[in-house]
Amino acid sequence: MKQESLVPGFDDGAVFRSLFAAYPDALLLVDLQGVIGLANPAALDLLGYSADELVGLSVDELVPDAIRPRHADYRNAYAAHPRTRPMGMQMDLVAKRRDGSTVMVEIALSPLQDHGLPYVVAAIRSVGAYPRVKQALQRARYAEHLAQFGRFAVDAREPQELLELVPAIAAEALQVETAEILLLEQSGLEFRVAAVTGALQHLAVGDRVPNSPGSAAGSVVSDAKAVLVDDHAREQRFQAASRAIEHGLPSELAVPLLDRGRTIGVLAVHSSTPRRFGDDEFRFLDSLSSLLGTVLQRAQSEEALNHAQRLETVGQLTGGVAHDFNNLLTIISGNLQVLEDAPACAGDPFIQQLVGSASRATRRGAELTGKLLAFSRRQVLQPTVVDTSALLHSLTDMLRRTLDQRILITLDAEEALCLADPGQLESALLNVAINARDAMPQGGTLAFVCRPVASLPSRLDAERGPAHDAGYVAISIADTGFGMPEAVKERAFEPFFTTKESGRGTGLGLSTVYGFAKQSRGAVDLSSAPDAGTTVTLYLPRVDEEGAADEDIDAAASRSVPANLRVLLVEDDPEVRSVVEKFLDSMACEVLACANAEEALGVLASEPGIGLLLTDILLGPGMRGTELAETAHAKLPGLPVLLMSGYSSKLLEEPQAWELLRKPYTRNELERAIVKVLNAAQ
């Protein structure tokens, strides 16, 4: 009996050919020998072939050269046992295009043998078809490149090294043809090309470029604002950039390079693709320029200021960058969390893998920011119960990978809990370890020991603060290096005292450790002698397991935010505000969002039943978040308050009266902080 037409009145063959041609994914009809018999227009477009070129070609030609020998074996094994199979969900697959470039893809194989046809249909989809994933990965890549520069900048002392590195990072991250830094000469009449990189350079290091108000760079300097040129050939605001056009670079993005609010130059990138740059590219380039300006200022400050002024300047600059960088990371990580939980993505392991990779990059960026703040002592301490054994295992594993391989690192740690800021504790131990490394240029042993002790040694009586019933946790770091004579040992904890040659040390390492120990209600001890090595012991308040368990029980008393909690959210950055609103919505909160403190006070006066004030500290011009909290608390004494900040010098200037949530944070961290504040207000 003849099967009826699937579409009455139409020829089935014509319908299937139309479907094949109109299908949005690339489709290839391949025989069991791997020869392509048919390709739809989407396949031609994705792979860059004409129909005559692609039909009759072996699929092996679409496989990158490095894995082609193995692909034939895979194809033969599949031909022996054909089955419907998705590929590219748990591993990266790339297809080779006609021009030799590659594109990341997913592939679904559908054999037609059950229908009596000796073919397999390969459906190929570019990963670029997931725009939200692509954007998340792009933002994560930008964050990783910022972190890369930050890691280098922390130790760099030569400004020229930084100037040469930034264009290379910008060109690689944005995948553009060239990037350059133009520094304004003292006369203000022209720029000097300080650094340039790329395949289509239209400038060279040392070139002089006129500072004309009619040019894009001149406009950046005169207005202290970024300039975006979508296509120089059609640009009406500025004079035609003839050299850029000659080199095939129609689009340009330029941002100011600032020194204490004064524009000293321009960081610019150029692309051969018109309309290449958008908001994400601007934020990345602006952040990179801010970081460069900050570290250049640091280098200049170290030459021009005395030690005390130097520390203050670096701390202020680092804190400003940390605030902006942490806001950027909050936006990226927050949107990644929303994307991860979205129904369309939650069940897709490939998307989850990509989002997880991007989230890890943002966490690395947050760790970098924390280290920058620790370097400048601009971090507000937030003591918590720390598992010292676990922290030391993590730290020593990291040191084994990064310190001189000739140094043997050992660890003997008993289980013990202390009360300290974990980030600052790790930073203090790292300072001591780096000093020990410098004392062993030919290698040696670096031994970490952790023990609970009942009290401080008698020689530290002068350091003794309030008594701690549970005693202390003693963390010792011993090296086999040069050791110290008595005169050096007596001054080791003095700020800015160093025995290293000029440019090799600031003299802040051990003084920072001493300050952290004192601020944590502990103490630090030093034992050393010439040719006998050095041992630094940090004493921190111990927490017994019963006390820690009680804290856990208290924290667990209420683990969820009450439904329909009315939250007054105050955040001046609209993208950060949007992320926090999404987090609060997922907790079933009723959100009243404001952009500044003045607006928030109006809402407090007109809206009854507000159960929580959640505010950033730095709110742009006008009242700070801390001032808003004080004013609101005076009017509503029982109102719970939770502050947010990537950094705030305000909290260093006065006692911390409110709970602080550091940016960037996860949804779960926000929920825990809200629960903690609500419980404390009960």
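**Figure 1. Strand β9 and its neighbours in a predicted model.** In strand β9, P210 is the bridge partner of E190, and this close-up, like those that follow, is taken from a predicted model. The residue E190 belongs to strand β8, which spans residues 190–198 and is joined by 3 bridges to strand β9, made up of residues 208–210, with the two strands running antiparallel. Strand β8 also pairs with strand β7, which covers residues 178–184, and this pairing is again in the antiparallel sense, over 7 bridges. One residue to look for here is R192 in β8, which is the bridge partner of L183. When following the chain by eye, it may help to remember that in a regular strand the side chains alternate between the two faces of the sheet.

**Figure 2. The surroundings of T396 in helix α13.** T396 is part of helix α13, which runs over residues 388–402, and with a relative accessibility of 0% this threonine counts as buried. The side chain of T396 comes to 2.7 Å from the backbone oxygen of L392, and the side chain of T396 also reaches the backbone oxygen of H393, at 3.1 Å. If the neighbours within four places in sequence are left aside, T396 is in contact with I409, L411 and F448.

**Figure 3. The two sides of helix α20.** Helix α20 consists of residues 625–635, and within this helix G625, T626, L628, A629 and A632 are buried. Because these buried residues cover an arc of only 155° around the axis, they lie on the same side of α20. On the other side of α20, by contrast, A634 and K635 are exposed, so that the view can be read by comparing the residues named for each side.

**Figure 4. Cysteines without a disulfide.** A disulfide is a covalent bond between the sulfur atoms of two cysteines, and the structure shown here holds 0 of them. C418, for example, is in no disulfide, and the nearest cysteine sulfur, which is that of C450, lies 7.7 Å away, whereas a disulfide would require the two sulfur atoms to be within 2.5 Å. C418 is also buried, having a relative accessible area of 0%. Another cysteine, C589, likewise counts as buried, at 9% relative accessibility, because a residue is called buried when its relative accessible area is under 20%.

Definitions and conventions
Residues are numbered from 1 along each chain as its sequence is written. This is a predicted model: local features need pLDDT of at least 70, side-chain atom pairs count only at pLDDT 80 or more; totals for chains, interfaces and linings use all residues. Side-chain values use heavy atoms; hydrogens and water are left out. Buried means under 20% relative accessible area, exposed over 50%, partly exposed in between (1.4 Å probe, protein chains only). Helices (H or I, at least four residues) and strands (E, at least two) are DSSP runs, numbered from the N terminus. The arc is that of the directions from the helix axis to the C-beta atoms. Two strands pair if DSSP finds at least two bridges between them. A polar contact is a pair of N or O atoms within 3.5 Å; within protein, one must be able to donate a hydrogen and the other to accept it, and residues adjacent in sequence count only if both atoms are side-chain atoms. Contact means heavy atoms within 4.5 Å.
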